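Thanks for sharing this one. Here are my notes, set out as numbered points so that you can follow them with the structure open beside you.

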Amino acid sequence: AASHDPSPTSSPSPSESILVRAARGEQVPHTPVWFMRQAGRSLPEYRALREGVPMLQACRTPDLVTEITVQPVRRHGVDAAIFFSDIVVPLHAVGVDLDIVPGTGPVVAQPFRTRADLDRLPELTPETVPDITQAVRQTVSELGATPLIGFAGAPFTLASYLVEGGPSKTHQHTKALMYGDPELWNDLCARLAQISGAFLRVQAEAGASAVQLFDSWVGALPRADYLRFVEPHSRAVLEGVADLGVPRIHFGVVTGELLPDMAAAGADVIGVDYRVSLTDAVARTGGRYAVQGNLDPALVFAPWEALEAKVRDVVEQGRQAPGHIFNLGHGVLPDTDPTVLTRVVELVHEVSAR
Ligand code: 1CP
């Protein structure tokens, strides 16, 4: 499967890569493409490496992190790698008792509900995560000209896991805390913003060329509540890393109603899920932001002709934005045939070539 050399010697630096230039809204020779959750269960070479290694242990073992991060670049020839980690890794690193349970996701031993729980969220400093610095450094070195995207969870999405104690469709305890004790909610999110921002900074300072803030579940809120309870904290994270000079991508699911506010919170690139067309996303954000997205990950299971038409349509709509990074509208589904993803990469490169 190793058909793409991730580190050609004579290429430019990753900070001038096509992905970074598209994020800045500059002219690029073709549309860059990567896939959320590209490093993971859809790849047999990933499953082989993970055999018998718990998820959190894999995330804290630099050699494994590097190999898993580079695998999809080799296989698919994507234009960026996403750092292999999880949004709860920084929480684990500051001492929160949690696990990532196969088939479920993050599970927190004692959910956060009271002011006393804040004591369990100390600051994150570079000294908290030396393994992350090492993993990013050696991954960047292995990737050569291919840029690495660092990431973190946004305060709302992290708070949801802490307060619910695990994955939730309703976010009921989270909303109960937000409305019932706004002061505690704000103090919790301020701590999470520090942890999230520091985690992004560690990755960028170790060589990541772009960062993505995942507010996956914030689409559960109406706009007024987003602006009141969440936006100031996400803004603190994004503005807090502005000095690093790396493009900032801001993404959530079912966030069509929030796109203008999420963009204005300090993003350079707005991530768009598959429910909103890129055309509408560009219009809603005033044509001022690069966009990332937004092929429905389920369409990878459709016949090639139908999928090809969809890919062409997404590339075409992306031309209306100042910059476009092709991606799925959410993560790669576990049963995805990876050979189809490789074909999608080739097609995006071919039809977008200028
Ligand atoms: O390939 C990549 O994209 C890099 C790795 C990556 C990323 C970016 C993982 C590995 N997790 C994440 C981010 C992440 N984690 C998000 C934001 C992205 C998104 O919206 O999908 C979220 C919400 C999580 C939380 C999480 N971790 C879930 C979702 C649970 C829920 O609420 O429904 C799950 C299933 C995990 C575990 C996880 N994270 C990553 C992997 C490979 C796995 C599976 C691990 C295992 O089963 O052993």
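**Notes on the predicted model**

1. Let me start with the lining of the largest cavity, whose residues divide into five nonpolar, one polar and two charged. Please keep in mind throughout that this is a predicted model. The residues around the largest cavity are Phe112, Arg113, Thr114, Asp117, Leu118, Leu177, Leu184 and Leu188. The space inside the largest cavity comes to about 40 Å³. A search of the whole structure turns up one cavity of 30 Å³ or more.

2. Asp117, one of the residues lining that cavity, is also worth a look for its charge pairing. Which side chain does Asp117 meet in a salt bridge? The partner is Arg120, at 2.9 Å from N to O. Asp117 is buried, with a relative accessible area of 12%, whereas Arg120 is partly exposed at 25%. As a reminder, side chains of opposite charge can pair when their charged atoms come close.

3. The structure holds 17 salt bridges, and a second one to check lies in helix 9. Glu205 and Arg201 form a salt bridge with their closest N and O atoms 3.6 Å apart. Why can these two be partners along the helix? They are four residues apart in helix 9 (residues 182–205), so about one helical turn separates them. Glu205 counts as exposed, at 53% relative accessibility, while Arg201 is partly exposed, at 24%.

4. Another salt bridge joins Arg319 to Glu316, where the closest N and O atoms are 3.5 Å apart. Both ends are open to some degree: Arg319 is partly exposed with a relative accessible area of 35%, and Glu316 counts as partly exposed at 46%. Elsewhere, Glu16, Arg24 and Glu26 are joined into one network by salt bridges that share partners.

5. Now for the sheet. Seven strands make an open sheet in the order 1-4-5-6-7-8-9, with parallel pairing. Strand 1 and strand 9 (324–328) are the edge strands, each pairing on one side only. In general, strands of a sheet pair through backbone hydrogen bonds, either parallel or antiparallel.

6. Strand 4 (residues 148–153) is a good place to look within that sheet. Is strand 4 mostly covered or mostly open? It is mostly covered, with six of its six residues buried. Leu148, Gly150 and Ala152 point one way from strand 4, Ile149, Phe151 and Gly153 point the other way, and all are buried.

7. Which strands flank strand 4 in the sheet order? They are strand 1 and strand 5. Strand 1 (residues 81–82) runs parallel to strand 4 and is joined to it by two bridges, with Ala81 having Leu148 as its bridge partner in strand 4. Strand 5 (residues 210–214) pairs with strand 4 in the parallel sense over five bridges, and here Gly150 has Val211 as its bridge partner.

8. Going one strand further, strand 5 and strand 6 (residues 248–251) pair in the parallel sense over four bridges. If you would like a residue pair to click on, Gln212 stands opposite Ile249 in strand 6.

9. Pro14 is a residue I would point out too. It is found in the segment before helix 1 (18–23) and is buried, with a relative accessible area of 16%. Pro14 and Leu148 are 134 residues apart in sequence, and their C-alpha atoms are 7.9 Å apart in space. Leaving aside neighbours within four places in sequence, Pro14 is in contact with Val20, Gly144, Ala145, Thr146, Pro147 and Ser209.

10. Last, the largest pocket, which has a volume of about 1600 Å³. Of the 49 residues that line this pocket, Arg37, Arg41, Asp86, Gly105 and Pro106 are the closest to its centre. The elements giving two or more residues to the lining are helix 2 (44–50), strand 2 (98–101), strand 3 (105–108) and helix 7 (155–164). By class, the pocket lining has 27 nonpolar, 14 polar and eight charged residues.

Definitions and conventions. Residues are numbered from 1 along each chain as its sequence is written. This is a predicted model: local features need pLDDT of at least 70, side-chain atom pairs count only at pLDDT 80 or more; totals for chains, interfaces and linings use all residues. Side-chain values use heavy atoms; hydrogens and water are left out. Buried means under 20% relative accessible area, exposed over 50%, partly exposed in between (1.4 Å probe, protein chains only). Two strands pair if DSSP finds at least two bridges between them. A salt bridge is a side-chain nitrogen of Lys or Arg within 4 Å of a carboxyl oxygen of Asp or Glu. On a 1 Å grid over the protein atoms alone, a cavity is a set of points where a 1.4 Å probe fits but cannot get out, and a pocket is an open set with protein on both sides within 12 Å along at least five of seven lines; lining residues have an atom within 4 Å of a point. Grid points are joined across faces, edges and corners, and a volume is the space filled by probe spheres set on the points. Ala, Val, Leu, Ile, Met, Phe, Trp, Tyr, Cys and Pro count as nonpolar, Asp, Glu, Lys and Arg as charged, and the others, Gly among them, as polar. Contact means heavy atoms within 4.5 Å.
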